[in-house]
2 protein chains.
Amino acid sequence: MGDTAGEIRPEDDGKPRRVRADAQRNLDALLRAAMAAFATSGVDAPVREIAEKAGVGIGTVYRHFPQRSDLIIAVFRQEVDACADAAPALAAAHDPGEALSRWMRRYLDFIAAKRGLAAALHSGDPAYEVLPSYFQRRLVPALQSLLDAAAAAGVVRAGFAATDLLRAVAVLAAPSQELGPEHGRRMVDLLLDGLRYGAGPSPGA
Amino acid sequence: MGDTAGEIRPEDDGKPRRVRADAQRNLDALLRAAMAAFATSGVDAPVREIAEKAGVGIGTVYRHFPQRSDLIIAVFRQEVDACADAAPALAAAHDPGEALSRWMRRYLDFIAAKRGLAAALHSGDPAYEVLPSYFQRRLVPALQSLLDAAAAAGVVRAGFAATDLLRAVAVLAAPSQELGPEHGRRMVDLLLDGLRYGAGPSPGA
DNA sequence: CACATATACGGAACGCTGTTCCGTTTTTCA
DNA sequence: TGAAAAACGGAACAGCGTTCCGTATATGTG
């Protein structure tokens, strides 16, 4: 689903050559290695370390990602996509209320994991300016669909904006670093209970 | 007032020699140069650049500030002190209501200027862990005294915690980067109007 | 006043970054 | 099968924070 930088197929024109197989393979390996490195050592993980993990030279890294920030952005987008794509999957596997609360926890984990990136985000580097809009564009519709389904099922109040909920969880997740991982979960549950408060028991009536 | 790293006088013991005059002079020059450099180029300003601005060798910088973060911290504390010390000065020069609103704007400017540092603060580097507590220790009493005086004069509701107000302004100042400097000022004024809402017109009656 | 020494200074040098460059290798397509 | 296009690898460069140590200087004393 998401337009991750990982998939490049010749939908551009008919004439030019196909993307070389080794190039695609290295790109995938790089994204995997970078994701692992960022999870382990944070976003400050050296490019050389990532290249080595991927079994690739430094030059190859910079061929695919001209700047270090491009690699960070690519990994970020990939994980945003994974989080967004979890919404329809959960909606198909559970009832609307359960799908909503499961996705909220999934989102909370994502936010907690990306804590280190938040610092880079607010560093003023213009390279990261594209991230917030991508974040919104992918995650707002994902949550909104769950929210609407839950409202239609009558387990949640209608008319609540996904944007506000996303922002609230992101803000509430910040102190959960110092206060333990329990705190964030409690706050999310509290928010969901708040949504349930004004809900009517049956949709059609 | 504040225990800035800039003043070192032999209150420790009686025996050892006095602090050398050139050492003190260089320390002052370094703090001034660092403050200017951070204001111009942000907290990422190179140590060498600061040393040059101060007319000093790199070795001298590291003699006074073993780590780059120590220099940042020293400047930060100095500016926190300046902001805190503005409270009694404003209280002496204006009536309680005016003193309070003037200090809030002073504090807003401080927060807006230290935006770049905020990123470093949340980077997880343990060197900066001491800063928030210093921030609280100096600024909370400063604001609380203004708040109490204004409440006693009846221009502001009583019983509002300085901590909450400080945090609120800090959070509200963040979007004011993108929304223009007007935004932060409007939000601060709004907060102050909120404080005025429940106030009684005269203190003794 | 001159001297001895604790103290501070300066900047070359080290190791680590991100990034560039280009000779070499590999893949693709005719 | 063979040329040309594409991608690879890693040495090399510039800039960073930090360390180290020979040199200069301020301080208290004989």
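1. A helix is here a DSSP run of H or I with at least four residues, numbered from the N terminus. On that basis, H3(A) gives the largest share of the surface near DNA strand D, namely five residues. The model under review is a predicted one.

2. Further elements contribute to the same surface. Those that supply two or more residues near DNA strand D are, in chain A, helix H1 (21-41) and helix H3 (58-64), and, in chain B, helix H1 (21-41), helix H2 (47-53) and helix H3 (58-64). Both protein chains are therefore represented in this list of elements, as the helices named for chain A and chain B show.

3. The protein surroundings of DNA strand D comprise 24 residues, of which A:Arg20, A:Asn26, A:Gly59, B:Arg48 and B:Arg68 come nearest. On the side of the nucleic acid, 57% of the atoms of DNA strand D within 4 Å of the protein belong to sugar and phosphate. By class, the residues of this surface are ten charged, eight nonpolar and six polar.

4. Several polar approaches to the phosphates of DNA strand D deserve inspection. The side chain of A:Thr60 places an N or O atom 2.8 Å from a phosphate oxygen, and a polar backbone atom of A:Gly57 lies 2.9 Å from a phosphate oxygen. For A:Arg63, an N or O atom of the side chain is 3.4 Å from a phosphate oxygen of the strand.

5. The interface between the protein chains involves four residues of chain A in contact with four residues of chain B. The area buried between chain A and chain B is about 290 Å², and carbon and sulfur atoms give 61% of this area. Within the area that chain A buries against chain B, A:Arg115, A:Ala119 and A:His122 supply 90%, more than any other three residues.

6. What polar pairing is found across this interface? The rule finds zero salt bridges between chain A and chain B, and the count of residue pairs in polar contact, both at pLDDT 80 or more, is likewise zero. The side of chain A that touches chain B nevertheless includes two polar residues and one charged residue, beside one nonpolar residue.

7. Finally, the relation of the copies may be stated. Chain A is superposed on chain B by a rotation of 179 degrees with a shift of 0.1 Å along the axis, at an RMSD of 0.1 Å. The two copies are thus related as by a two-fold rotation axis. The C-alpha of A:Ala119 is the one in chain A nearest the axis, at 2.4 Å. Both copies use the same surface, since 100% of the contact residues of chain A recur in chain B.

Note on methods
Residues numbered from 1 in each chain as written. Chains lettered and ligands numbered in written order. Predicted model: local features only at pLDDT ≥ 70, side-chain atom pairs only at ≥ 80, totals over all residues. Heavy atoms only, no water. Contact = heavy atoms within 4.5 Å. Buried area = accessible area lost by both parts, 1.4 Å probe. Salt bridge = Lys/Arg side-chain N within 4 Å of Asp/Glu carboxyl O. Polar contact = N/O pair within 3.5 Å; in protein donor to acceptor, adjacent residues only side chain to side chain. Nonpolar A, V, L, I, M, F, W, Y, C, P; charged D, E, K, R; others polar. Near = heavy atom within 4 Å. Least-squares fit on C-alpha atoms with pLDDT ≥ 70 in both.
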